[in-house]
Amino acid sequence: MSDQEKTGILQGFKAFLMRGNVVDLAVAVVIGAAFTNIVNSVVKGVISPLVGAFGTKNLDSYSSCLKGPCEGAGDAATGVRILWGSVLGATLQFVITAAVVYFLMVLPMAKYLARVEARRKAKEGAHEVVEITELEVLKEIRDTLVAQRGTGHGER
């Protein structure tokens with residue numbers, strides 16, 4: 001491979017890395033990983049104990065026997081078991097996590113952004129009113145000057 005080809009490949013790779021969406025994606029992954037730790041801590045430390053106070057914390061032990069005899073556990077288990085408890089536990093974990101993300105992050109951020117947008121529109125509206133008022137004043141001045149010219153020409 002020649003030096004020009006190596007330089008071209010390196011420049012292409014540099015251009016790829018410096019594109020905005022690649023950098024934004026990398027930042028999103030890092031922030032997402034950190035945010036995952038926060039959400040998991042809230043679910044594990046606050047929500048799960050509250051749910052556990054009303055029922056059991058571990059649903060993995062719940063199962064139904066599809067084809068018997070269902071005896072034993074783990075690799076020594078016989079029969080065909082449907083482990084519906086683990087599916088229910090994972091589903092509850094997902095719903096709880098989604099609720100924590102929505103109510104603690106998405107909803108407050110949406111309200112904040114709506115307030116910022118409302119303030120921006122209010123400022124734009126006030127600015128437009130000032131511009132309209134200035135335009136009206138200029139039109140009045142123009143009309144007055146035209147009227148004065150019209151009466152001035154008739155008197156000469």
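I started with Glu 117, which comes out as partly exposed at 32% relative accessibility. Worth jotting down before I go on: this is a predicted model.

**Who does Glu 117 pair with?** I looked up its partner and found Arg 120, with a salt bridge whose closest N and O atoms are 2.3 Å apart. Both residues sit in helix H3, three residues apart, which is about one turn of the helix. Arg 120 is partly exposed too, at 37%.

Next I followed Arg 120 the other way along H3. Its side chain also meets Glu 124 in a salt bridge, 2.4 Å from N to O. These two are four residues apart, again about one turn of the helix. Glu 124 has a relative accessible area of 39%, so I put it down as partly exposed.

Then I wanted the full count: how many salt bridges are in the whole structure? My search turned up three. Asp 143 and Arg 142 form one of them, with the closest N and O atoms 3.0 Å apart. Shared partners join Glu 117, Arg 120 and Glu 124 into one network.

**On to the nonpolar surface.** I found a patch of about 620 Å², made by Tyr 62, Leu 66, Val 80, Ile 82, Trp 84, Leu 88 and Leu 92. Strand E2 (80–82) and helix H3 (84–155) each give two or more residues to the patch. The largest share, three residues, comes from H3.

Last, I checked one patch member: is Leu 66 buried or exposed? I placed Leu 66 in strand E1, residues 64–67. Its relative accessibility is 60%, so Leu 66 counts as exposed.

Notes. Residues numbered from 1 in each chain as written. Predicted model: local features only at pLDDT ≥ 70, side-chain atom pairs only at ≥ 80, totals over all residues. Heavy atoms only, no water. Patch = residues over 30% accessible without salt bridge, like charges linked within 9 Å, V, L, I, M, F, W, Y side chains within 5 Å. Areas by Shrake-Rupley, 256 points an atom, 1.4 Å probe, with all protein chains shown as cover. Salt bridge = Lys/Arg side-chain N within 4 Å of Asp/Glu carboxyl O. Buried < 20%, exposed > 50% of the residue type's maximum accessible area, 1.4 Å probe, protein only.
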